Amino acid sequence: MSETLLSARNLAFELYEVLDAESLTQRPRYADHSRETFEAAIDTARGIAEELFAPHNRKADENEPIYQNGEAVLIPEVKPAVDAFIEAGFLTASHDFEDGGMQLPNLLARACFAHFQAANVGTSSYAMLTMGAAHLIEVFGSDEQKRRFLEPMHAGRFFGTMALTEPHAGSSLSDLRTRAEPAGDGTYRLKGNKIFISGGDHPLSENIVHMVLAKLPDAPPGVKGISLFIVPKFLVNDDGSLGKRNDVTLAGLFHKMGWRGTTSTALNFGDNGECVGYLVGEPHKGLSYMFQMMNDARIGVGMGAIMLGYAGYLYSLNYARERPQGRLPDGKDPTSPQVSIIEHTDIKRMLLTQKAYVEGAFDLGLYAARLVDDQRTAETEEARQNAHELLDLLTPIVKSWPSEFCLKANELAVQILGGHGYTREYPVEQYYRDNRLNPIHEGTHGIQSLDLLGRKLMQNKGAGLRQLLALIQDCTQRAGRHASLSALRQPLEQHIARLTQVTQALLGDLAAGKINLALANSALYLKVFGHAVIGWRWLEQAIRAEEGLAAGNPADADFYKGKLQAARYFLTWEVPGCAHELALLEARDPTCLDMQDAWF
């Protein structure tokens, strides 16, 4: 079953041939690990994902959570799966041994978690949210907050959420209205409403720790006036036991197109004036703290999009191999046997497109996970800072590019199955519906594009961008040592040259105060920038594939040839196709900017 979730051979290629995971064991933090311990963790993750997560993926979709007596009720299969995940140590996979963790590199922790996301994205999200909320308290919380809330979160007794969105404001956090009044005893009383809170209520844990954005009475306007609060579902006594129910009310559940296994909640804080909250860090700095959890979540959402795309690709691939239908165009004999549909060129095109999207994105997601390791454990401060700057630049791409193009892969999986793909008897329609959420949550595609072009490119005077361009140049130079990669290298070089010119011009407009015009087509910019990044990652994979072929293991020849063909497809079909978007960006096309409400 594992090959319906994630190709074990491709994962090994990424970890050990592309990203050199074994070299991490030379760092003191990971010195107790080896390839054998890495593989043991992956095997455990695969086993739990197959045995406990995948079997109820369809049932959770068909029996979404219900609102009953003020609580959210889930199907019974969810809790045993989550409990097994916690018992196996995956909730704290990258934490210290002495704290009960596996002390795995982040790269390996992400690789393990990818199996759960592919098996059941709805159930896996409860753990993802908890890990993000716990990390937020770990970095910014007080010692008392860590004792009271973080320790039981690490133990899996408490789960976590992030509560940002409000009914009237949507993604515009500067307009949030939730208020926090000092209670005079070091705590605060919150009052407000939040919506679309994933995991906001469920029966999976003893307590739920909400990380809530709110404003103090003296808050300056806008995002500079936002503070961060811990608001538990149940208050926690000094001895760690649960106290009375906090004044946090489940107002209702949202009924979604996909991702139905995760509760999406409307929460009311302080209906009775008794919602107790605890300030995290300093007043008015809450959004800067929350960005850490949001960035963690954005990488997690990107990986979720990738794994849904991956699962759809592998299912449609297996289907295409097994489904006989028709004959090739030159087959004139109607009595001859039908061929498997994978023999038809247009089916190959759709499969190759999926492979290029999902395996390119998978490489990028794991590359980002490797950057987290470098940010934390690289030998020098300079190397750690470089990793931080590059990861910051790439985060909008890691979140948004897979959310758009792995969704397109799911669409192609439906197409390959034909009429069957449109029915609920086959899983590809659910993968599509589940993946349709990813371009929206944790910052929409448009918000990520504004973040990339308006902020990330020039952050730290463009240090991350300079690094990226240097890495791509190094990759194209190494590709030049392989004559067979010349046709793949050249389209990327041409794309980068033109993208660099467009980038400089747009940044010039921003510096000159032409903000609305420069950012008007930022979504197009995100696409062409993302294609440059994925093109680079495919060229890197192609180099490793050439090296693998040269090593001469016949058993791997088809795998490496498949890598080279997918790289060829992306770099010669997809990357040159960005010319139209680049032309629109060069021209500062104002078509969308100039459109008026009355003209619709």
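**Close-up views of a predicted model**

**Figure 1. The whole protein has the radius of gyration expected of a compact globule.** For 600 residues, a compact globule would come out near 25 Å, and the protein has 25 Å, so the two agree. Bear in mind that this is a predicted model. The C-alpha trace spans about 80 × 60 × 55 Å along its principal axes. As for secondary structure, there are 19 helices and twelve strands to find your way around. Buried residues account for 57% of the 600. If you take the contacts with a separation of 6 or more, 75% of them join residues 24 or more positions apart.

**Figure 2. Helix α6 runs roughly antiparallel to helix α8.** Here α6 (residues 121-140) and α8 (residues 286-322) bring their axes within 9 Å, crossing at roughly 155°. That angle is over 145°, which means the pair counts as roughly antiparallel. The crossing of α6 past α8 is right-handed. On the α6 side, look for Val121, Met128, Leu129, Gly132, Ala133, His135, Leu136, Val139 and Phe140. They meet Tyr289, Met290, Gln292, Met293, Asp296, Gly300, Val301 and Leu308 of α8. Sorted by class, the contact has twelve nonpolar residues, four polar ones and one charged.

**Figure 3. Helix α9 lies roughly perpendicular to helix α16.** The axes of α9 (residues 345-377) and α16 (residues 522-551) come within 9 Å and cross at roughly 90°. From α9, the contact takes in Lys355, Ala356, Glu359, Gly360, Ala361, Asp363, Leu364 and Tyr367. From α16 come Val533, Ile534, Trp536, Arg537, Trp538 and Gln541. The mix here is eight nonpolar, two polar and four charged residues.

**Figure 4. Asn69 has a positive phi without being a glycine.** Its phi is about 55°. Most residues other than glycine have a negative phi. You'll find Asn69 in the loop that links β1 (66-68) to β2 (71-73). With a relative accessible area of 75%, Asn69 is exposed.

**Figure 5. Lys461 is another residue with a positive phi that is not a glycine.** For Lys461, phi is about 55°. The spot to zoom in on is the loop between α12 (445-454) and α13 (463-479), where Lys461 sits. Lys461 has a relative accessible area of 71%, so it counts as exposed.

How values were computed. Residues numbered from 1 in each chain as written. Predicted model: local features only at pLDDT ≥ 70, side-chain atom pairs only at ≥ 80, totals over all residues. Heavy atoms only, no water. Axes fitted to C-alpha atoms, helices over the stretch in contact; angles between N-to-C directions. Helix = DSSP H or I, 4+ residues; strand = E, 2+ residues; numbered from the N terminus. Parallel < 35°, antiparallel > 145°, perpendicular 65-115°, else oblique. Left-handed = near helix turned anticlockwise from the far one by under 90°. Contact = heavy atoms within 4.5 Å. Nonpolar A, V, L, I, M, F, W, Y, C, P; charged D, E, K, R; others polar. Rg over C-alpha atoms; globule rule 2.2 N^0.38 Å. Buried < 20%, exposed > 50% of the residue type's maximum accessible area, 1.4 Å probe, protein only.
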